[in-house]
Amino acid sequence: MKDHLESLLRAALGPVLAGSGVEPPAAIAIDAARGDQHGDFASNLALVLAKPLRRPPRDLAQALVSHLPASPRVARVEIAGPGFINFFLTADALHAVVPAILAAGSAYGRAATTRGRILVEFVSANPTGPLHVGHGRGAAYGDALSNLLDAAGYEVLREYYINDAGRQVDVLAVSVWLRALELQGERVSFPARGYPGDYVRETAQKLLQGAGAMLGRAAAEVAAGLPPDPVTPEGADDAARDAAKAQQEAHLDALIARAQQMLGPMYAAMRDFALNDQLERIRATLESFGVRFDRWFSERELVQSGAAERARAQLVASGHTYEQDGALWFRTTAHGDDKDRVLVKANGQPTYFGNDLAYHVDKLRRAGSPGHAPLLVDVWGADHHGLLVRMRAAMHALTGRSEALRIPLMQFVTLAHGRMGKRSGNFVTLDDLLREAGRDATRFFYLLRSHDQHLEFDLELARAQSNDNPVFYVQYACARAASVFRQAGERGLAVDRALGERSLSLLVQEQEKVLLQRLARLPELVQDAAAQLAPHQLAFYAREVADAFHGWYNAHPFLVDDAELRNARLALVAATGQVLKNVLGWLGVSAPERMERLEARA
């Protein structure tokens, strides 16, 4: 409908702009009106053009309205406020949404044309432990966003970047090794900067089943001559904490070197075993959460392929780097960063950033598609905000395409109102949350708030089987819609879709109009939400549709004696159920046809 209204306004622009020298705007804003008194849609076109045309916006709005072509979909047009143009649709225009939905089925709301390729990278948590509730928010967002972009007409590639080339994997390996020695009876001192969670001990138990004897070493031999591993003193100032942390890290580095020296070739096998065990856990968690990826991309393979080295060489050759204090630096201040960044440390080890920029260049190459500029979306945690400028600087220096990268930052999650069961280490895992709240509630609650806002997850509400629970409320609408057709069958009432579509003019109740207006919004909502990378708008929309449906259900019986009215209402019920099923599917939430709490009357 927005496209149709835009075409009407563009037709009116010709005579209004004639001889003015003002070019028509590239886009015309048309939004759903707020409140029935303002119609169904509104445009601020007159206000946008008032300044360049040097005309009062209301006079300009009147000129535009006077040149609007007639349309069978528009009942009337009014001018409101400082110059808004409000469109009131005809009843036929609203009723037409029902057969459109029923004909399209699962395709309703989806774009009919392909708009290019987008590579969405999300989760990408370090493979050194279980996914926690913060990762869960990024997983729900990234998966729903990918579904939304797919519905908006993009070819979407979903990718998980495995950080398996950095020091953190060695820290995991040593942590598992020390737990394995403990399980063999050795009294080892666990490093302050190691990974202490119970999951490490579980991996160590698995490791011992296959390689226990070969990994065994005396604790005294392991610890001999290592630098100190101090405890950070309570109440220490920043300088004291930093000094203690530096000593702890030096101890851990020495411990890693000791493990490599003592175990020889077995060290790499142990490291890979620990890494793969954590990856299997992550994969299993994401599978249970309904999240899939087209590719799991290994940082180690990227480095081994030479891609990271080639990217650094390209930066050096193009004059974007310099050497200082034995390290290779990227001059990111030339691109707006607050300081330059290290690509290769003085010890010859590349930084994470150095490898990550090569990964983005590789992603941009793989995301290319004929006739379309490739786009990348990185879903990062809010704690990565400091990387934004330097990553865009790297993209610009290496590809000239910094605009191709969009990075939504996920704000933090806290849990409220409800105790959890088993916890792993000192954090709540996504598995824990899924056991407590279930997949549907967890995903819906994660998506109820915009990604750039802090989220307090109300566990008790997520568990509640009541209309106060938003996911229950929406799913209840799906089940109610399905129950109407079951009740029709139980009463021996035939469902005649053709008769229903011919009789839609009988849908004249206010609740029916509200519901029709909301159903008609979906195709445009998909495009708007995709442009804003905002899948939470789908969750809001599902609640609005459910609210309109419940209000209609409670106000009017559906299975009336009049066959024409009955089938018209059944057609609207079917269209509502289809829309909710489509939207919940994109959110990764089920659309049940039965629930315990169902009204007996339809």
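Is Ser146 buried or exposed? In this predicted model, Ser146 counts as buried, because its relative accessibility is 0%, and a residue is called buried when that value is under 20%. Ser146 belongs to helix 6, and, once its neighbours within four places in sequence are set aside, it is in contact with Val120, Phe122, Val156 and Arg158. The report begins with the whole chain and then returns to the surroundings of this residue.

**The chain as a whole**

The protein chain contains 24 helices and 16 strands, and its C-alpha atoms fill a box of roughly 90 × 70 × 50 Å along the principal axes. Of its 602 residues, 51% count as buried, while the accessible surface comes to about 26,800 Å², with 49% of that area belonging to carbon and sulfur atoms. If one takes the contacts between residues at least 6 apart in sequence, 73% of them join residues that are at least 24 apart. The chain carries 66 positive and 70 negative charges, and the mean positions of these two groups are 1 Å apart.

**The parallel sheet around helix 6**

Five strands, in the order 7-6-5-11-13, form an open sheet whose pairing is parallel. Strand 7 (295–298) and strand 13 (405–406) stand at the edges, and each has a single partner strand, so one side of each is left without a neighbour in the sheet. Helix 6, which covers residues 133–151, packs on this sheet and touches strand 5, strand 6 (155–162) and strand 11, and its direction makes about 160° with that of strand 6. Strand 5 (residues 117–121) and strand 11 (residues 375–378) pair in the parallel sense over 4 bridges, and within this pair Val120 stands opposite Val377 of strand 11. Val120 is also one of the residues in contact with Ser146, which links the buried serine to the sheet on which its helix packs. A further helix, helix 11 (residues 265–288), lies across strand 6 and strand 7 and runs at about 155° to strand 7.

**The antiparallel sheet**

Strands of a sheet pair through backbone hydrogen bonds, either parallel or antiparallel. The second sheet described here is open and antiparallel, with 3 strands in the order 8-9-10. Strand 8 and strand 10 stand at its edges with a single partner strand each, so one side of each has no neighbour in the sheet. From one strand to the next, the twist averages 40°.

The table sets out the two strand pairs of this sheet.

| Strand pair | Sense | Bridges | Residues opposite each other |
|---|---|---|---|
| Strand 8 (residues 321–324) and strand 9 | antiparallel | 4 bridges | Thr321 and Phe330 |
| Strand 9 and strand 10 (residues 341–344) | antiparallel | 3 bridges | Leu328 and Val344 |

Another bridge joins Gln324 to its partner Ala327 in strand 9. Strand 8 and strand 9 form a hairpin with 2 residues between the strands, and in this hairpin Asp325 takes a positive phi near 55°.

Which residues of strand 9 point one way, and which the other? Ala327 and Trp329 point one way from strand 9 (residues 327–330), whereas Leu328 and Phe330 point the other way, and all of them are buried. Two helices lie across strands of this sheet. Helix 13 (residues 307–317) lies across strand 8, strand 9 and strand 10 and runs at about 125° to strand 10, while helix 14 (residues 352–367) lies across strand 9 and strand 10 and runs at about 80° to strand 10.

**A partly exposed residue in helix 19**

Phe485 is found in helix 19, which spans residues 470–490. Why does Phe485 count as partly exposed? Its relative accessible area is 28%, and this value falls between the limit for buried residues, under 20%, and the limit for exposed ones, over 50%. Apart from neighbours within four places in sequence, Phe485 is in contact with Val495, Leu570, Val573 and Ala574. The C-alpha atoms of Phe485 and Gly577 are separated by 11 Å, although these two residues are 92 residues apart along the chain.

Technical notes. Residues numbered from 1 in each chain as written. Predicted model: local features only at pLDDT ≥ 70, side-chain atom pairs only at ≥ 80, totals over all residues. Heavy atoms only, no water. Buried < 20%, exposed > 50% of the residue type's maximum accessible area, 1.4 Å probe, protein only. Contact = heavy atoms within 4.5 Å. Pairing = 2+ DSSP bridges. Axes fitted to C-alpha atoms, helices over the stretch in contact; angles between N-to-C directions. Areas by Shrake-Rupley, 256 points an atom, 1.4 Å probe, with all protein chains shown as cover. Lys, Arg positive; Asp, Glu negative; His and termini not counted. Charge placed at Lys NZ, Arg CZ, Asp CG, Glu CD.
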